[in-house]
Amino acid sequence: MNFYGLVDGSEASLKNYLKTLSGVDQVGANARAAMLSTRSIKTSSKRWAIDTAISMVDLTTLEGADTVGKVEAICTKAVRPDPTDSSVPSVGAICVYNDMVAVARKHLDLIGGKHVPVAAVSTAFPSGRASIEVKVLDTQDAIDAGASEIDMVIDRGAFLEGRLIDVFNEIVTIRQVCGDKAHLKVIFETGELVTYDNVRKASFLAMAAGADFIKTSTGKVAPAATAPVVLVMLEAVRDFYEMTQKRIGVKPAGGIRNTKDAIKQLVLVKEVAGEEWLNSKLFRIGASALLNDLLMQRMKMDNGYYASPTYVSVD
Amino acid sequence: MSDRIDVKKTYKLFINGAFPRSESGRTYEVKTSKGVFLTNACLASRKDLREAVVAARAAHNGWSKATAYNRGQILYRIAEMLQARTGEFIQEIMMTTGVTKVKAEKEVLQAIDTLVWYAGWSDKISSLTGANNPVAGPFYNFTVPESMGVVAAIAPENPSLLGLIESIAPVITSGNTVIVLASTKAPLSAMSFAEVLATSDLPAGVINVLTGKKDEIAPWMASHMDIDAMDISGLPGKLTSEVKVAGAENLKRIHSFKGTTPTRITAFTESKTIWHTIGV
């Protein structure tokens, strides 16, 4: 592997590569994210944004209490989010735990949802605390069951200790397991990385190691996908594109619960990375409750009156 | 020494237990009965209403499950808190409506008594409107009144405080949560009453108070799918048909009342019937 010619796989080359990164102006990032969050999106633009956001949702259920019934229910919802309105697009993907991948894939195929991919969280999600052998098996298992996207977590302990090469090698290994069968999303758990500098560093490390997507969080730790963190990651993919001509996707996850939050994310994408990123191939939103709010806002725009959660499915 | 400069009070909305300004940033002038400028009040927008509905819906689960005894206690507590601030309310009512001190005081005292009156009803209403129904089979069959959910109320222009309390207290007694649009011309006592609510152990979101224009807010209340019923006692006649048509779309129960009556409580309850087998 040549890692875009940026790294040769040795620890020294990785250090040299990451050393070239500029630091993140924390105050500036916060201020810019806050400024972009004030933008008002109305009428036809809002309508477009809602449909685009629906198509970007990775509809997620990651609970210990997940059942086959629940996974099948969200699969049904993923294909046709509003049963009364066929003009609502399908969501970007279904995101489930490893053992539910086969259930989800089978049910999606059954109900005409072949176009909806199944993403599996992998590598001892959410903590990432397992041996590399277990992580490889975990990933292989999900791919065999029909997952076409793998959401792996990095070893935050190793990252914070400075063992960056271990983090890098782990991503490379999982990348090899995915091969051309599955997209790889790398989760940083930005709430545990402490600084924006670390987020930028992790982004470049993961991108060089072969990530197709970089993802903010597991959804199990707060704060998760805050606007400034997403901004920092979007700047990273933009800069990486300039270096390598390769577009890497971004997936904020956790804490995006309503339409307003989702539209703020779209504004960030447009203004920071650019319009090329404004589609479900390069931007996804990991969420569960968000979809209902998007549907309710859509109903409001169609009917002219405020909708009630009673009229959308619970999950 | 120069005269001290008065600290002006900012009148805001009361949504989810907090006092935000209107999302729209709009205000309107509140004047005395003689047309002298008093203060600015928030001109609530339909988005403020939407926020209030979300808060009221979230609060409903807890409030409706609280014991009737507990709800009565909290209503009584509101009366206690209101009584302690009687003087302030008399002032505000006199300023906005121009009535005499005697009349204003009478209104405030009556408002306190009304709260206590409805507080007393909270643990009695189910005994009176519930029933043990005879059925032809080995079953017990009970009917119990339950709260409907989120209720929107339009308080009358006058009396501004008493009318507001008449449109709130009976609604929450049975476990509903409420969004009330206060008197447009005399909103001061309503917003000060919100301060009373904030210190009365009332869970956030159970009562939400908006100030603004009835023709702007009432139709949105009526068409909102997540509001279950409306008290339009304070709605001007010319808006009634518009509101009723909008409310019919979502089968909203829409009522109007006069005076203090237990009907104001029962109108916002639904009867639940329970079948239970009689043991062998």
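In the predicted model, Ala29(A), Asn30(A), Arg32(A), Ala33(A) and Leu36(A) of helix 2 of chain A are in contact (heavy atoms within 4.5 Å) with Ala227(A), Pro228(A), Leu231(A) and Val232(A) of helix 11 of chain A. Classified by residue type, this contact comprises 7 nonpolar, 1 polar and 1 charged residues, where Ala, Val, Leu, Ile, Met, Phe, Trp, Tyr, Cys and Pro count as nonpolar, Asp, Glu, Lys and Arg as charged, and the others, Gly among them, as polar. Helix 2 spans residues 26-36 and helix 11 residues 227-244 of chain A; their axes lie 8 Å apart at an angle of about 105°. Helix 2 and helix 11 of chain A are therefore roughly perpendicular, a term applied to angles of 65 to 115 degrees. Axes are lines fitted to C-alpha atoms over the stretch in contact, with angles running from 0 to 180 degrees between N-to-C directions. Helices are DSSP runs (H or I, at least four residues), numbered from the N terminus.

Between the chains, 11 residues of chain A contact 8 residues of chain B. The buried area, namely the accessible area (1.4 Å probe) lost on association and summed over both parts, is about 1,000 Å², with carbon and sulfur atoms giving 54%. On the chain A side, Tyr305(A), Tyr306(A) and Tyr311(A) lose the most area to chain B, together 60% of what that side buries. The chain A residues touching chain B divide into 5 nonpolar, 4 polar and 2 charged.

Residues are numbered from 1 along each chain as its sequence is written, and chains are lettered from A in the order in which they are written. Local features need pLDDT of at least 70, side-chain atom pairs count only at pLDDT 80 or more, and totals for chains, interfaces and linings use all residues, while side-chain values use heavy atoms, without hydrogens and water.

Conventions
Buried area = accessible area lost by both parts, 1.4 Å probe. Helix = DSSP H or I, 4+ residues; strand = E, 2+ residues; numbered from the N terminus. Parallel < 35°, antiparallel > 145°, perpendicular 65-115°, else oblique.
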